[in-house]
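Please open the model in your viewer and keep the selection tool ready. The tour proceeds from one selection to the next.

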Amino acid sequence: MYVASAIMVCFAGALVSYMAKGHARAVALIFSLVPLALFGYMYALVGTAYTEAHPWITPLGIQLSFAIDGLSMALVLLTAILFPLTIVYAWNHDQRPGLFFSLLLLLEAALIGVFTATDFIVFYICWELTLIPLYFVVGLFGGERREHAAIKFFIYTHVGSLVMLLAIFALYFASGLSTFDMHSLMGAYAQLPPALRDLIFAGLLVGFIVKLPAVPFHGWLPDAYGEAPTAGTVLIAGLLSKMGAYGLLRISLPMLGVTHSVGLFTTLLAVLGVGGIVYASLVALAQRDLKQMVAYSSVSHMGFVLLAVASLSAVSVSGAMFMLFSHGLIIALLFMAVGVVHERAGTRLIPELGGITHRMPVLAFLVMGGFLASLGLPGMSGFVAEFLTLTGAYPSLPTFVLAALFGMIITASYYIWAMQRAFFGPYNERLGEVMDVGATQAVPMAVLLGLVVLLGLYPAPLLGMLEKVATSLVMGVLL
């Protein structure tokens, strides 16, 4: 009952938070700490081999079934960590706080469902449920073009999800099993006609790479990231993009080995992965807006997940799984920092900043930590993730790995250049008096940076449980 309890607590918290209004943030923080305590307890005492099932729509073979292994545990822990930190960061949000914080808890409930569901219909319902709170977070609390960004985000990702749903129904009816159990249907997939297997695999792939997002399916990202309030951007980049990566690793990777056109799909994934790494890095290099630069860096990093899946290497896949957790921490830290810069300096345009380290030394320290982690400095979690992903992929995809290294050089260039222009040098007096980051915003960022350094120096606890899942998934493909 751990997973169902965590989801129900989030739903209950959303209702209570909405009614609490003036005390919504405190209520939301308390309820968001419950999943953290539950999954922390499971990680410490129950382990990463857990299942639970509850009857739901029995005539259609649908049940509320959930399971946790190393990959699910990593992502529900990431979810449980990011939500309380985001609520603390957004503590001073005073525009309709009851609605705002209740939407955040609704999103947490849906994300826990996505990362643990083992029934395709429950997985899809939770997948779609994430769109509703984020649509309102962007559309009601975002910037000047918030409505345009919210509608674009909804249509883009919803169309991708519908294609995925068609693939799920095709798999269900073609299998003749009368169940939506994920493992049963994935097992029956190998017995389907070759052309149908290719179509189903492609349909699922569309849903996952739109959500990732992979280039060229990232059209919703610049507007959604740019117009969302900082808390919304943190959760979209830190967790929503992980849904696509999770689908690729959990569903597409095991099916890849028995897909008819396996060579075509692995090549396609490698091209999309490396193309995204290089293209998004170049676009990030050209950005004048600090937030857009970080947004495109996020697209670039998700390309490593596609490359790992294409390599069919257990080492590379475990590195990609590690990257999901690491990137979730790093990108949350960076977007929080950019939000503070915009709030205090009144602009996030790099040419209009300059020398703000002189007035914001604490924030500059946190930003520098985030930049160094994102570009993969040894001692940071980003280095562990990228090193494992590329080392594991090199034997099977040497040319693609070398191209990915070129993207990493560009990544280092735009981070260092942005740091030089925005944070160092003489202070831009036109910014006026700028105060450093306050405690409610500095504490969440400091916690995130601390976890990034901890995992960079001692990755074994997380890596150990991910290696078992990665080996199991890849061996299932190669057998």
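Contact means that heavy atoms lie within 4.5 Å. This is a predicted model, in which local features need pLDDT of at least 70, side-chain atom pairs count only at pLDDT 80 or more, and totals for chains, interfaces and linings use all residues. Residues are numbered from 1 along each chain as its sequence is written, and side-chain values use heavy atoms, with hydrogens and water left out.

Select Thr-347 to begin. Thr-347 is found in the loop between helix H14 (314–345) and helix H15 (361–374); helices are DSSP runs (H or I, at least four residues) numbered from the N terminus. Thr-347 counts as buried because its relative accessibility is 9%, where buried means under 20% relative accessible area, exposed over 50%, and partly exposed in between (1.4 Å probe, protein chains only).

Which residues should be displayed around Thr-347, leaving aside its neighbours within four places in sequence? Thr-347 is in contact with Val-341, His-342, Glu-352, Leu-353 and Leu-431. With one of these, Glu-352, the side chain of Thr-347 forms a polar contact of 2.8 Å. A polar contact is a pair of N or O atoms within 3.5 Å; within protein, one must be able to donate a hydrogen and the other to accept it, and residues adjacent in sequence count only if both atoms are side-chain atoms. A polar atom of the Thr-347 side chain also lies 3.1 Å from the backbone nitrogen of Leu-349.

Next, select Gln-292, in helix H13 (residues 290–311). Gln-292 is buried, because its relative accessible area is 13%. Its side chain reaches the backbone oxygen of Pro-222 at 3.0 Å.

Notes: Helices (H or I, at least four residues) and strands (E, at least two) are DSSP runs, numbered from the N terminus.
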